[in-house]
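Colleague: Could we go through this model together, starting from a pair of facing residues and working outwards?

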Amino acid sequence: MRGWCVAVVIVTACGRSGFDPVHDVPLDDVRVHYDVAIDSNVLPRTALYVKASNTGQSDRFGQSIALSASGLLAVGAFQEASAATGVDGSQTDNSKFGAGAVYLFTRGSSTWTQAAYIKASNPDVTDQFGFTLALSNDGHTLAVNAPLEASNATGIDGSQTNNDAAASGAVYVFTDAGGSWIQQAYIKASNTDISDQFGHALALSSDGNTLVVGARKEDSGAAGVGANQTDNSVTDSGAVYVFTRVGTTWSQQAYIKPLTQTAGTEFGRNVAVSDDGNTFVASAPYDISNAVGINGDPTNTLAGASGAAYVFTRAGSTWSQQTYIKASNTNAGDIFGCNVSISGDGSTIAVGAYGEASSATSIGGDQLDNSAMDAGAVYVFARTGATWMQEAYVKSPNAETDDRFGSATALTRDGNKLVVSARAEDSAATGIDGAQNDNSATAAGAAYVYTRSAGQWTFGSYLKATNTGASDDFGFSIAVAAVSGTIAVGAPYEDGAATGVGGDGSDDAAMHSGAAYVFE
């Protein structure tokens, strides 16, 4: 087996001060987009280190990250401060703190280069454009959200000019035609409302023609698909919206709620969709039922913030709830559903629970041991026909209190490779398979690679930054790409001041500028 090598993509990101929609709950809500599968026999072997073209303190590059099968890397810096609009505007204007930006990089024959600098069509202070993003597998469609965008518009391409609905949220769709990126659509909910944070979660189908959008703080008490959107009786229950594209025209296909509504559960906080767009999983990490396993009782209130995940499927243009999923060891505070990912065919799902407390290690350990608070766990589920079952209970090989393993998950298209982060892991190791028992770099973060063969999961590799530093939060976001075997890991609190490709990773003069590490 060839060893792993690490490459680094570092661009500016934002500091911990100021409002951040992640901060009103634990800082573990990561933005992940999986991509096409890689051959499980192909392992990374080259390294690269990249910064943004306008690295700035507290920009928080690496908050969100995505990789396409075509060799495109997208990285969000949701606190970037330029007032530029559209594509490749002025990067030097820092007059709108927290407006946000997205950077696109392409992979050439020998290196990565920045291909585009993307801003919203209506950037504003603290809109946080780039907090979440998703790429289609062909790399020609990019969806970006701004969860604190404030327009009261509804639907597609409404008025962007007013700020009458604070933190209602918006999604921007960009397309690439012959190497030139343009904004194709400005998307709002059909029931835009203050503080809904529409777009907090995003997922695109492989062809980019189905877009799944979560609004974690939507308040409707409606139940099921296509119910009453105007009922605001269940605060922060959350909702999911599905949009489809025909040609260049977008329209809303569905407004989706779980069959049971509970205040504060934040359904739609995380979403992931299959390649064909016909299956998506959405989490409700603050679900309060003490049910375990598949299709238990969602109506009881005996396990606060234990979390849940829901699977929805589409037949034609009609969506329905297929499954309600809980952990096999449901406990209050586990936050099952802090992150979700799905395989290309929609038959494998990984669900993170960074609050899970077992001190078990690796695969299939003791789930009833609650001696390591917030050590974290990941649960893998597999579907046969329409029936789901839990396939694996996954822990890190160095599980410890407060590591928050499961902060981010990413599955390859075939579902046979799983990458999991523990953004608060403390080892000072660097690169691939270093010492896991060194706890001298608090909250530096780590990522772990697992592979599946004949239904059995095994631990493969232990990944760290090349310039590991305390509180960098390596693993806040992760992505997996096709064929090349590329894994990208974001570290939005990394402090590097370099710009461009191949800079100095040891220069920590730009606090919380952020980084993304690319393993090839």
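Modeller: Gladly, and please keep in mind that the model is predicted. We can begin with Asp176, which stands opposite a residue in strand 11.

Colleague: Which residue in strand 11 stands opposite Asp176, and how many bridges join strand 10 to strand 11?

Modeller: The residue opposite Asp176 in strand 11 is Trp181. Strand 10 and strand 11 run antiparallel, and the number of bridges that join them is seven.

Colleague: In what order do the four strands of the open sheet lie, and which are the edge strands?

Modeller: The pairing in this open sheet of four strands is antiparallel, and the order is 8-9-10-11. From one strand to the next the twist averages 20°. Two strands pair on one side only, and these edge strands are strand 8 and strand 11.

Colleague: Which residues touch the most other members of the largest nonpolar core?

Modeller: Among the strands that each supply at least two residues of this core are strand 9 (141-146), strand 10 (170-177) and strand 11 (180-187). Leu142, leaving aside its neighbours within four places in sequence, is in contact with residues including Val102, Leu104, Phe174 and Trp181. Of the 20 residues in the core, those that touch the most other members are Val102, Leu104, Phe129 and Leu142.

Colleague: Turning to charged side chains, how many residues apart in sequence are the parts that Lys188 and Glu149 tie together, and is Lys188 buried or exposed?

Modeller: Lys188 forms a salt bridge with Glu149, with the closest N and O atoms 2.7 Å apart. Because Lys188 lies in the loop between strand 11 and strand 12 (198-204), while Glu149 lies in the loop between strand 9 and strand 10, the pair ties together parts that are 39 residues apart in sequence. With the cut-off for burial at under 20% relative accessible area, Lys188 at 0% relative accessibility counts as buried.

Colleague: Does Arg452 or Glu391 count as partly exposed, and which strands hold the two residues?

Modeller: The side chains of Arg452 and Glu391 meet in a salt bridge at 2.8 Å, N to O. At 13% relative accessibility Arg452 counts as buried, whereas at 28% the residue that counts as partly exposed is Glu391. Arg452 lies in strand 26 (residues 446-453) and Glu391 in strand 23 (residues 387-394), so the pair ties together parts 61 residues apart in sequence, and the strands asked for are strand 26 and strand 23.

Colleague: Which residues do salt bridges that share partners join into one network?

Modeller: One pair in question is Glu266 and Lys217, whose side chains meet in a salt bridge at 3.6 Å, N to O. The network joined through shared partners consists of Arg216, Lys217, Asp236, Glu266 and Arg269.

How values were computed: Residues numbered from 1 in each chain as written. Predicted model: local features only at pLDDT ≥ 70, side-chain atom pairs only at ≥ 80, totals over all residues. Heavy atoms only, no water. Core = buried A, V, L, I, M, F, W, Y, C linked by side-chain atoms within 4.5 Å. Buried < 20%, exposed > 50% of the residue type's maximum accessible area, 1.4 Å probe, protein only. Contact = heavy atoms within 4.5 Å. Pairing = 2+ DSSP bridges. Axes fitted to C-alpha atoms, helices over the stretch in contact; angles between N-to-C directions. Salt bridge = Lys/Arg side-chain N within 4 Å of Asp/Glu carboxyl O.
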